[in-house]
Amino acid sequence: MWTLATHRFMSASCLARVAKNTSAMRSASTQYTLLLVCTVAIISNKGFVTAAPNNICRIGRGPHQAFASSRALITSMAHKEASNVEDPSGSVENEKIEVAGQHVEVVGVPGISSTDISKAIKSGPFRQWLDYMKGSSGILTLGGSGGGRCSLRKILIQSIDMFGPRVGFVKFKADIIDLKTGAKLPGIVFARGGAVGILMLLECEGVKYAVLTEQARVPVGRTIMELPAGMLDDDAGDFVGTAAREVEEETGIHIKASDLIDLTGLLDESTGRKMFPSPGGSDEEITLFLYRCHVKKEVIDSLQGQDTGLRDHGELIRVHVVPYDTLWRMSPDSKVLAAIALYETALRLNLLPNSPNAPDLSQF
């Protein structure tokens, strides 16, 4: 006749083997949910214990029913082991912020410290995202004058990329519920903030040319012909200054900020007068500028194939000058295609000022 102690010993032995397998699974960085159902009996001479495949024990059931205390013990041990699988690193850091009058918990995945969380929620991209959430067209004000229809419940910080002393990118997941249906909105966000793109048109001997930069873009695994462009370097929102600087860094041409025309500024106010190239996953907002001038043929020739960019920043840039008439076919860059659409529409509706006098670019 087997005793209760014997059953507890054998049950614990089975769980130990499961825990060993679970540890191996955890070391492979794979999360598993372990559901262990054990039926234990006070077994007479017909009771048995066998080894099942994958080193997991099966406890054979005899003619007697299991004791509740024994089942409770095993269930408790199984739950403890499953808990360790779900959160192998222990506790996570968290903070609370106030959003639209509600306190929202901000937590980090294992490895994200409280300092990281604090940097993330104070960063320009994150604060801009919150401002949009609460704005006139924001998700939290979808209900209009009748009140918000959606509720922000929780934010999970998943990663932070630092650009020197400042936060460059923040990846997080926002837990947002549609209060009317109870459905959860897709909430993965890659926050990177504002950027600029410049459509540079150079007129030479009656022909209009566009300037493109060819860069290696790791996310798409290839080089891309695109507009001269760049991210805002700080939270001041100096789009015009950033555009002028990027043109000089990427093409070598020094321009005055006053010569730039904001093409996105022609959009309706309800749009925010920015372009969002990938709103399903990123908050990136782009301001598109137009720069026009008359140049000599020598300028076109000197720019063609020129290697530029800030090498210490990992910028490997080659300049290309293409006829404007073929520009729409030469690049898959969304900034190029959007800039052409805005420029052509503004030109047709006579919304653009006269082109400035030709600056002296003969030194390039």
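Which strand does D178 lie in? Select D178 in the viewer, in what is a predicted model. D178 lies in strand β6. With a relative accessibility of 9%, D178 counts as buried, because buried means under 20%. Leaving aside residues up to four places away in sequence, D178 touches R149, C150, A183 and L185.

**The whole chain**

Zoom out to the full chain before the next stop. The protein chain has eight helices and 15 strands. It holds 364 residues, and 39% of them count as buried. Its accessible surface comes to about 20,200 Å², with 52% of that belonging to carbon and sulfur atoms. Of the contacts with a separation of 6 or more, 61% are between residues 24 or more positions apart.

**Helix α4**

Select residues 124-134, which make up helix α4. The buried residues in this helix are G124, P125, F126, W129, L130 and M133. Now show the elements around the helix. The cover over the buried residues of α4 includes strands β3 (94-99), β5 (150-163), β6 (166-178) and β7 (188-191), together with helix α3 (114-122). Strand β6, part of that cover, is also the strand that holds D178.

**The aromatic residues of α4**

Keep α4 on screen and display the side chains of F126 and W129. Both residues are buried. An α-helix has 3.6 residues a turn, so residues three or four places apart point the same way. F126 and W129 are three residues apart in helix α4, and about one helical turn separates them.

The count of aromatic pairs comes to seven. In the pair of F126 and W129, the ring centres are 5.8 Å apart and the planes are at 45°, so the pair is tilted. Add F172 to the selection: F126, W129 and F172 form one aromatic cluster.

**The second largest pocket**

Turn next to the second largest pocket, which has a volume of about 720 Å³. Which residues are the closest to its centre? They are W129, Y132, M133, I139 and F276, out of 26 lining residues. The elements giving two or more residues to this lining are α4, β6 and β7. By residue type, the lining divides into 13 nonpolar, eleven polar and two charged residues. W129 and M133, among the residues closest to the pocket centre, are also among the buried residues of α4.

**E285**

Select E285, in strand β13 (residues 285-294). Is E285 buried or exposed? E285 has a relative accessible area of 4%, so this residue is buried. Not counting residues up to four places away in sequence, E285 touches Q128, Y132, G193, G194, A195, F239, K274, M275 and F276. Two of these contacts, Y132 and F276, have already appeared among the residues closest to the centre of the second largest pocket. Then pick the C-alpha atoms of E285 and G193: they are separated by 6.4 Å, although the residues are 92 apart along the chain.

**D238**

Move to D238, in the loop between β11 (229-231) and α5 (239-251). D238 has a relative accessible area of 41% and is partly exposed. Pick V196 as well. D238 and V196 are 42 residues apart in sequence, and their C-alpha atoms are 9.8 Å apart in space.

**T213**

Select T213 in strand β9 (residues 207-217). At 0% relative accessibility, T213 counts as buried. What does T213 touch, not counting residues up to four places away in sequence? Its contacts are I224, M225, E226, L227, P228, E250, I317 and R318.

**Two residues with positive phi**

The last stops concern the backbone. Most residues other than glycine have a negative phi. Select A100, in the loop between β3 and β4 (102-108). Phi of A100 is near 50°, a positive value in a residue other than glycine. A100 counts as exposed, at 54% relative accessibility.

Finish at N350, in the segment after α8 (334-348). Phi of N350 is near 55°, again a positive value in a residue other than glycine. N350 is exposed, with a relative accessible area of 67%.

How values were computed:
Residues numbered from 1 in each chain as written. Predicted model: local features only at pLDDT ≥ 70, side-chain atom pairs only at ≥ 80, totals over all residues. Heavy atoms only, no water. Buried < 20%, exposed > 50% of the residue type's maximum accessible area, 1.4 Å probe, protein only. Helix = DSSP H or I, 4+ residues; strand = E, 2+ residues; numbered from the N terminus. Contact = heavy atoms within 4.5 Å. 1 Å grid on protein atoms, 1.4 Å probe; cavity = no way out; pocket = protein on both sides within 12 Å on 5 of 7 lines; lining within 4 Å. Points joined across faces, edges and corners; volume = space filled by probe spheres on them. Nonpolar A, V, L, I, M, F, W, Y, C, P; charged D, E, K, R; others polar. Areas by Shrake-Rupley, 256 points an atom, 1.4 Å probe, with all protein chains shown as cover. Phe/Tyr/Trp six-rings, centres within 6.5 Å; stacked < 30°, edge-to-face > 60°.
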